[in-house]
Amino acid sequence: MDSIAPRKPRNPGGKLTDSAELGAIIRRRRKALQLTQMQLAESCGCTQRFISELERGVAAGNIKQVIRICKMLGIDLFARVRGE
């Protein structure tokens with residue numbers, strides 16, 4: 001019998017290593033809430049283009065906008081000093 005190893009989560013424990021991982025989380029959550037990029041953008045006061053770029057990990061944006069979008073989607077962000 002073939003055994004298939006479970007797929008490792010891309011961000012175990014919620015630790016992000018790059019902007020593409022955050023973008024993927026945002027995209028999954030937006031879709032789970034059945035929101036379009038335009039609806040999310042309008043509710044957060046930004047453009048659909050920014051949402052698109054953020055989801056692809058290429059937004060060189062404003063951290064305030066990123067935090068606002070995450071709050072709107074119910075995504076908590078954490079920052080911890082390593083080793084503490």
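Of the 84 residues in this chain, 31% count as buried, and I would like to use that figure as our way into the structure, keeping in mind throughout that what we have here is a predicted model. The accessible surface of the chain comes to about 6600 Å², and 52% of that surface belongs to carbon and sulfur atoms.

Let me begin with the overall layout. The chain has four helices and zero strands, and if you read along the sequence you meet the pattern α-α-α-α. Among the contacts with a separation of 6 or more, 47% are made by residues that are 24 or more positions apart.

Before we look at details, a word about confidence. The mean pLDDT of the chain is 83, and 80% of the residues reach 70 or more. In the chain, confidence is highest in H2, where the mean is 96, and lowest in H4, where the mean is 89. As a general caution, where pLDDT is low, the predicted coordinates should not be read in detail.

Now to helix H2, which runs over residues 37–44. Which residues of this helix are buried? They are Gln37, Leu40, Ala41 and Cys44. Seen down the axis of H2, these buried residues fall within an arc of 100°, and therefore they line one face of the helix. The general reason behind such a spacing is that an α-helix has 3.6 residues a turn, so residues three or four places apart point the same way. And what does the buried side of H2 pack against? Its buried residues pack against helix H1, residues 19–32, against helix H3, residues 48–56, and against helix H4, residues 63–73.

The stretches on either side of H2 also deserve a look. In the loop between H1 and H2 we find Gln34, which has a positive phi of about 55° although it is not a glycine. With a relative accessible area of 71%, Gln34 is exposed. The loop between H1 and H2 also holds Thr36, which, at a relative accessible area of 40%, is partly exposed. If you measure out from Thr36 to Gln48 on your screen, you should find their C-alpha atoms separated by 9.0 Å, although the two residues are twelve residues apart along the chain. Just after H2, Gly45 takes a positive phi of about 70°.

Let me turn to the charged side chains, where the count comes to three salt bridges. In one of them, Arg27 is paired with Glu55, and the closest N and O atoms are 3.6 Å apart. This pair links distant parts of the chain, since Arg27 sits in helix H1 and Glu55 in helix H3, 28 residues apart. Are these two partners buried or exposed? Arg27, at 27% relative accessibility, counts as partly exposed, whereas Glu55, at 3%, counts as buried because the cut-off for that word is under 20%.

Glu55 also forms a salt bridge with Arg30, and here the closest N and O atoms are 2.5 Å apart. Glu55 lies in helix H3 and Arg30 in helix H1, so this pair ties together parts that are 25 residues apart in sequence. Both Glu55 and Arg30 are buried. Taken together, Arg27, Arg30 and Glu55 are linked in a network of salt bridges.

Another salt bridge joins Glu53 to Arg49, with the closest N and O atoms 3.0 Å apart. Glu53 and Arg49 are four residues apart in helix H3, which means that about one helical turn separates them. Arg49 is exposed, with a relative accessible area of 60%.

Finally, let us move to the outside of the model. Which residues form a nonpolar patch on the surface? They are Ile63, Ile67 and Leu77, and together they have about 270 Å² of accessible area. Of these, Ile67 has its place in helix H4, and at 40% relative accessibility Ile67 counts as partly exposed.

If you want something to take away while you turn the model, start with H2 and its buried residues, which pack against H1, H3 and H4, and then find Glu55, which is linked with Arg27 and Arg30 in a network of salt bridges.

Definitions and conventions
Residues are numbered from 1 along each chain as its sequence is written. Side-chain values use heavy atoms; hydrogens and water are left out. Buried means under 20% relative accessible area, exposed over 50%, partly exposed in between (1.4 Å probe, protein chains only). Helices (H or I, at least four residues) and strands (E, at least two) are DSSP runs, numbered from the N terminus. The arc is that of the directions from the helix axis to the C-beta atoms. Contact means heavy atoms within 4.5 Å. Patches are made of residues with over 30% relative accessible area and no salt bridge: like charges are joined within 9 Å, nonpolar side chains (Val, Leu, Ile, Met, Phe, Trp, Tyr) within 5 Å. Accessible areas come from the Shrake-Rupley method with a 1.4 Å probe; for residues, only the protein chains shown count as cover. A salt bridge is a side-chain nitrogen of Lys or Arg within 4 Å of a carboxyl oxygen of Asp or Glu. pLDDT is the predictor's confidence in each residue, from 0 to 100.
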